[in-house]
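Student: I am new to this structure and would love a close look at a single part of it. Could you pick the helix packing around one helix and walk me through it slowly?

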Amino acid sequence: MQRATLTWAFHRFGARYPRLIIALHFQVAHLVVAGGVWLLDLYVALSSAQFWRILVVCEVAVLVENALAIGIVWRMLKPADPWLQGERDAGTALAAWRALAGTPLAFVRWGRAVPFLVNVVPIAAFLTVELDAPFWPSFFILAAGVSVVLLYGVFLRFFGLELVLRPVLEEVSDDLPDGPGVASVSVPLKWKLLIALPAINIVSGVTVVGFAAPDGAGLDQLGFGVLVTIGVAFTISLELSLLLLHSILKPIDQLQRGTARVATGDFSVRVPVLGTDETGRLAGSFNTMVSGLEERERLREAFGAFVDPDVAERVMVEGTVLEGQEADVTVLFLDIRGFTAFAEREGAREAVARLNDLYELIVPVLVRHGGHANKFIGDGLLGVFGAPERLTDHADRAVAAALDIVQCVRARYGQRLQIGIGLNSGSVVAGTIGGGGRVEFTVIGDAVNTAARVEEATRVTGDDILLTEATRALLRADHGGFVGRGDAELKGKQERVLLHAPLGGAAQGRAVQLRAI
């Protein structure tokens, strides 16, 4: 009910809400002062006139302090104004979050001496005169009693500020950038409990002593009550407070360390479930969540082994159906020469091992240059540069990758294994095709078919690499130079295609005349 009311008020008053609710919340101090005067009446028999005079003077003092405190807090909220007024971006959200979340602590730090000077000293002095009590020790006893009331008011303000600003913080959090970036602006839970529990004991103890004291027990009883409750709060009660603190914070600390390990990618972490209370259920939920993340990561890794990592990431975000998109790409088609004869001679097991060894060498080269292995076709490989990630320099990347592949294959296999690479650039449609629960990401278009035909032309020219004029025209670098191979009539193409061979992957002699391929 309380949370719903505050959320409604925030949506009702919008940017005015934080200042209005804080001004309203600070008026609770008047009730606290009234309770303090009533508490004094438990110890000292006040006449009706004395009671009302003391109440009026104390309320006036609080009114002055309230006005000063509200002005201070309102100024602390100024960094949040741009966000509150509609500038909803990451920068304004971060500034607003820091201001709103840090206001309770910043106010207590800034005004820690103000309540003492404005309230404790003047009110204790006034009470000493009003009660016609000797200055020593009456002033100090009354100052201690007023401090107890003030302590209650400070904690009420602190926790009240956290409560009334929570609806705003919840909405600001939606605009915060992910990851680290928010500074430590609030009091850690450990210190909240360690300070609040003894303070609650002191306030409660002074009240109980006042009720238990005989009528008109006097200021000596008040001083005794304050001293006893302080002694109990920081001795007997402190041990129980520390045990409670450990019971609450230990599971939270374990969850915090576990979360930090998950953030680094360690999904094997688990936290102990120490009970069935809220922290125990939270620990159980954490373990269930991490187990799900671990399974998802295994699936992603397995998926990434069968699909290009960039495609896998798109599928994880967009689903398995990636609508076809036109893209300008460079297609790299690679084939092993004489592999059919090798497979017949060596057997299937050795053929598969040789292919895996070769692809283990080639695929990282493609990735290093910004491409990906779109599919494996027996002893052939289709690589794509420019889809799904759009690249303006896809042709240069593809040529550089082809030259790199040739050098790597020569270094590892020498003349024992030879490859041919065909490169062509053009417009394709990239997306998923398939049905019946089985789909694959691929590129479709004439540019793909042409690249395969150009690879076949390498068997005629003897070059390791051939590229079309369409690719050559897009190059921004010379890549060591090129040699013309004339034009070829490729199957499926009405016009002859002009081919070039990079000097780094060219045959030693002039190639034979190209025919229909």
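Tutor: Here is a walk around helix α8 and its neighbours, followed by a few places in the chain that deserve a second glance. Please keep in mind that this is a predicted model.

Let us start with the whole. The protein has 19 helices and eight strands. Of its 517 residues, 46% are buried. Among contacts with a separation of 6 or more, 70% are between residues 24 or more positions apart.

Now to helix α8, which covers residues 135-164. Just before this helix, in the loop between α7 (114-130) and α8, sits aspartate 132. Aspartate 132 is not a glycine, yet its phi is positive, about 55°. Most residues other than glycine have a negative phi, and most peptide bonds are trans. Is aspartate 132 buried or exposed? Its relative accessibility is 70%, so aspartate 132 counts as exposed, the cut-off being over 50%.

Moving into the helix, we meet another detail to look for. The peptide bond from tryptophan 136 to proline 137 is cis, and its omega is near 0°. Proline 137 belongs to helix α8.

Next come the partners. Helix α3, residues 28-43, packs against α8 at an angle of about 150°, and the two axes are 10 Å apart. Angles over 145 degrees count as roughly antiparallel, so α3 and α8 fall into that class. Their crossing is right-handed. On the α3 side, the contact is made by Val28, Ala29, Val32, Gly36 and Leu40. On the α8 side, you can find Leu142, Val149, Tyr152, Gly153, Leu156 and Arg157. Sorted by class, the residues of this contact of α3 with α8 are eight nonpolar, two polar and one charged.

Helix α6, residues 90-110, is another partner of α8. Here the axes come within 8 Å and cross at roughly 155°. The pair α6 and α8 is therefore roughly antiparallel as well. The crossing of α6 and α8 is right-handed. Thr103, Pro104, Leu105, Phe107 and Val108 of α6 meet Arg157, Phe158, Leu161 and Glu162 of α8. In this contact of α6 with α8, six residues are nonpolar, one is polar and two are charged. If you click on Arg157, you will see a residue that takes part in the contact with α3 and also in the contact with α6.

From α6 we can step on to helix α4, residues 48-76. The axes of α4 and α6 come within 9 Å and cross at roughly 140°. How does α4 lie relative to α6? That angle makes α4 oblique to α6. Their crossing is right-handed. Ala69, Ile72, Val73 and Met76 of α4 touch Ala99, Thr103, Ala106, Phe107 and Trp110 of α6. The contact of α4 with α6 has eight nonpolar residues, one polar residue and no charged ones. Thr103 and Phe107 appear in this contact with α4 and in the contact with α8 too.

One more helix belongs in this picture: α9, residues 166-173. Which residues of α9 are buried? Pro167, Val168, Leu169 and Val172 are buried there. The elements that cover them include α6 and α8, together with α1 (2-13), α2 (17-26) and α5 (81-84).

Finally, a few places beyond this group of helices. A cis peptide bond also joins alanine 387 and proline 388, with omega about 5°. Proline 388 lies in the loop between β3 (380-385) and α17 (394-413). Histidine 479, which is not a glycine, has a positive phi of about 55°, and you will find histidine 479 in the loop between α19 (469-472) and β7 (482-488). With a relative accessible area of 18%, under the 20% cut-off, histidine 479 counts as buried.

Strand β7 itself holds arginine 485. Arginine 485 is buried, with a relative accessible area of 7%. Its C-alpha atom is 5.3 Å from that of leucine 499, and these two residues are 14 residues apart along the chain.

Methods
Residues are numbered from 1 along each chain as its sequence is written. This is a predicted model: local features need pLDDT of at least 70, side-chain atom pairs count only at pLDDT 80 or more; totals for chains, interfaces and linings use all residues. Side-chain values use heavy atoms; hydrogens and water are left out. Axes are lines fitted to C-alpha atoms, for helices over the stretch in contact, and angles run from 0 to 180 degrees between N-to-C directions. Helices (H or I, at least four residues) and strands (E, at least two) are DSSP runs, numbered from the N terminus. Angles under 35 degrees count as roughly parallel, over 145 as roughly antiparallel, 65 to 115 as roughly perpendicular and the rest as oblique. A crossing is left-handed if the near helix is turned anticlockwise from the far one by less than a right angle, and right-handed if clockwise. Contact means heavy atoms within 4.5 Å. Ala, Val, Leu, Ile, Met, Phe, Trp, Tyr, Cys and Pro count as nonpolar, Asp, Glu, Lys and Arg as charged, and the others, Gly among them, as polar. Buried means under 20% relative accessible area, exposed over 50%, partly exposed in between (1.4 Å probe, protein chains only).
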